[in-house]
Amino acid sequence: MTTTLLPKPTSSIPDRAIYERRESGVRSYARSMPRQFNKAQDVWMHDTQGGRYLDFLSGCSTLNYGHNHPVLKTALMDYIANDGVTHGLDLHTDAKEAFLETLEEVILQPRGLDYRAMFTGPTGTNAVEAAIKLARKITGRELVIAFTNGFHGMTLGALACTGNAAKRGGAGVPLNHVAHEPYDGYHGPDVDTAELLERRLSDPSSGLDAPAAILVETVQGEGGLNAASPAWLRKIAEIAKRHGALLIVDDIQAGVGRTGNFFSFEGMGFTPDIVTLAKSLSGMGLPFALTLFRPELDQWSPGEHNGTFRGNNHAFVTATAALRHFWSNDAFQQDIARRGALLERRLDAMAAEHGLSTRGRGMMRGIDVGSGEIAGTITAACFAQGLIIETSGAHDEIVKVLAPLVIDDAVLSAGLDILEEAVRSALTVTYGVAAE
């Protein structure tokens, strides 16, 4: 393997005194990756000591097109050089017009979708808050049905829809008006949890109120890369319609190409009433979130829901450039499909070697190593070799690969070689100790 395909990590930890002195202890990633990063390009991050790291985290799927993609960077630099509007609240601007026209022309119309676009606050949780607020407004109901292991954000409404107890515990107040029903496969392959939901909603004595919305991820990003089947998702869509609820698909992590298509639900035989997007929507890591919904649901009064940074024109510029560059034809989707198949083969082989299983879909995949302790050992070993990778799941037991979608096949393989060796080493030590 040529050295240009390999990471080159540094071994010493830089001075972290300012962080220890001034930054909140809530920080997390920096604890397991203690380096001072100062440059990023394509699939690589560089530290102040000259180290180079291969990024299999991609800002939790915020950097699907890699770091500082030249097409997006040029579009932004040109816009800034011409004194383009930076912040516009919800005023009409050239940047917003170009984004909406591109969204319509490149994404919505070719897919036969007719959605209004609502610019919310800057992050995914803002898009979810808008979605559930709109569903409650439209239906006059309070209850939202979410699913076990779901993750939808850290503000109170979205957090109420999130399953993780540790995240929920930070709220400090009761998180009400949400029912957490079992996701596809939660009770094993022989239990149809969609049928269980239908039975509960159809039984006037079940104790489950009529819902305003059913909120679902097609692949659960933080909850363990559980991927719902198209058949199950179609049943959930039918249940929502039958019971007068709006179907919300949270595509914040699974969308924008991560699972293969622009939207993760494409080709599955149903159309959500509401879709939330964020993360890689801007393409450059710039804050940008969007709530899409059917035109007849656009019943907001002016200013009824807003956010100071709903007019991030720099994000509009890079998002427009990304949509035109990557999504004007199907070449990029074909690349994702090929890389996703490569990733699937490699992870399946690792799992088979150790009697484990894999999770996910497309370029959103991981390997279940059985415990958070083992997964932490693996990710630490990877980082020592210059591979940035993290975990997922209720117990952090899934080693999760979120490599940039633009990664070269050979570089992807080199990173997976590092992961494979780390998995083999961790499991050999673990099982060897257990055998003694």
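These are my notebook entries on a predicted model, covering its two domains, its salt bridges and several single residues.

**Entry 1. Domains**

I looked up the domain assignment before anything else. It gives domain 1 as 16-68 + 333-432 and domain 2 as 70-330. I then took the separation of the two parts: the C-alpha centres of domain 1 and domain 2 lie 25 Å apart. To the contact, domain 1 contributes 31 residues and domain 2 contributes 35 residues.

I next looked up the area buried between the domains. Domain 1 and domain 2 bury about 2700 Å² between them. Carbon and sulfur atoms account for 49% of that area.

**Entry 2. Polar links across the domain contact**

How many salt bridges run between domain 1 and domain 2? I found one salt bridge in the count. I also looked up K400 and E222, which form a salt bridge with their closest N and O atoms 2.9 Å apart. Polar contacts between domain 1 and domain 2 come to 25 residue pairs, with both residues at pLDDT 80 or more.

I then asked which elements of domain 1 give two or more residues to the side that touches domain 2. They are α3 (58-61), α12 (331-354), β11 (357-361), β12 (364-368) and β15 (398-401). Helix α3 gives the most, with four residues. By residue class, this side of domain 1 divides into 13 nonpolar, 14 polar and four charged residues.

**Entry 3. Salt bridges involving R338**

For the structure as a whole I noted 22 salt bridges. I followed R338 through two of its pairings.

The first partner I recorded is D335, whose salt bridge with R338 has its closest N and O atoms 3.0 Å apart. Both residues lie in helix α12, three residues apart, which is about one turn of the helix. D335 counts as partly exposed because its relative accessibility is 27%. R338 is likewise recorded as partly exposed, at 38% relative accessibility.

The second partner is D409, whose side chain meets that of R338 in a salt bridge of 2.7 Å, N to O. This pair links distant parts of the chain, with D409 in helix α14 (residues 409-435) and R338 in helix α12, 71 residues apart. D409 has a relative accessibility of 23% and therefore counts as partly exposed.

**Entry 4. A salt-bridge network**

I looked up R424 and found a salt bridge with E420, the closest N and O atoms being 3.6 Å apart. R424 and E420 are four residues apart in helix α14, so about one helical turn separates them. R424 is partly exposed, with a relative accessible area of 26%. Salt bridges with shared partners join R424 and E420 to R346, E353, D417 and E421 in one network.

**Entry 5. E181**

I located E181 in strand β6 (residues 178-181). Is E181 buried or exposed? I recorded E181 as buried because its relative accessible area is 7%, below the 20% cut-off. The side chains of E181 and R200 are joined by a polar contact of 2.7 Å. Setting aside neighbours within four places in sequence, I listed the contacts of E181 as I145, A146, F147, T148, L197, R200 and L208. R200 thus appears in the contact list of E181 and also as the partner in the polar contact.

**Entry 6. H67**

I placed H67 in the loop between α3 and α4 (70-81). H67 has a relative accessible area of 9% and so is buried. The side chain of H67 makes a polar contact of 2.7 Å with the side chain of D55. Not counting residues up to four places away in sequence, H67 touches A40, Q41, D42, W44, M45 and D55.

**Entry 7. G170**

I looked up G170 last and found it in the loop between α8 (165-169) and β6. G170 counts as exposed because its relative accessibility is 63%, over the 50% cut-off. I also took the spacing from G170 to G224: their C-alpha atoms are separated by 21 Å, and the two residues are 54 residues apart along the chain.

Key:
Residues are numbered from 1 along each chain as its sequence is written. This is a predicted model: local features need pLDDT of at least 70, side-chain atom pairs count only at pLDDT 80 or more; totals for chains, interfaces and linings use all residues. Side-chain values use heavy atoms; hydrogens and water are left out. Domain bounds come from an automatic or database domain assignment. Contact means heavy atoms within 4.5 Å. Buried area is the accessible area (1.4 Å probe) that two parts lose on being put together, summed over both. A salt bridge is a side-chain nitrogen of Lys or Arg within 4 Å of a carboxyl oxygen of Asp or Glu. A polar contact is a pair of N or O atoms within 3.5 Å; within protein, one must be able to donate a hydrogen and the other to accept it, and residues adjacent in sequence count only if both atoms are side-chain atoms. Ala, Val, Leu, Ile, Met, Phe, Trp, Tyr, Cys and Pro count as nonpolar, Asp, Glu, Lys and Arg as charged, and the others, Gly among them, as polar. Buried means under 20% relative accessible area, exposed over 50%, partly exposed in between (1.4 Å probe, protein chains only).
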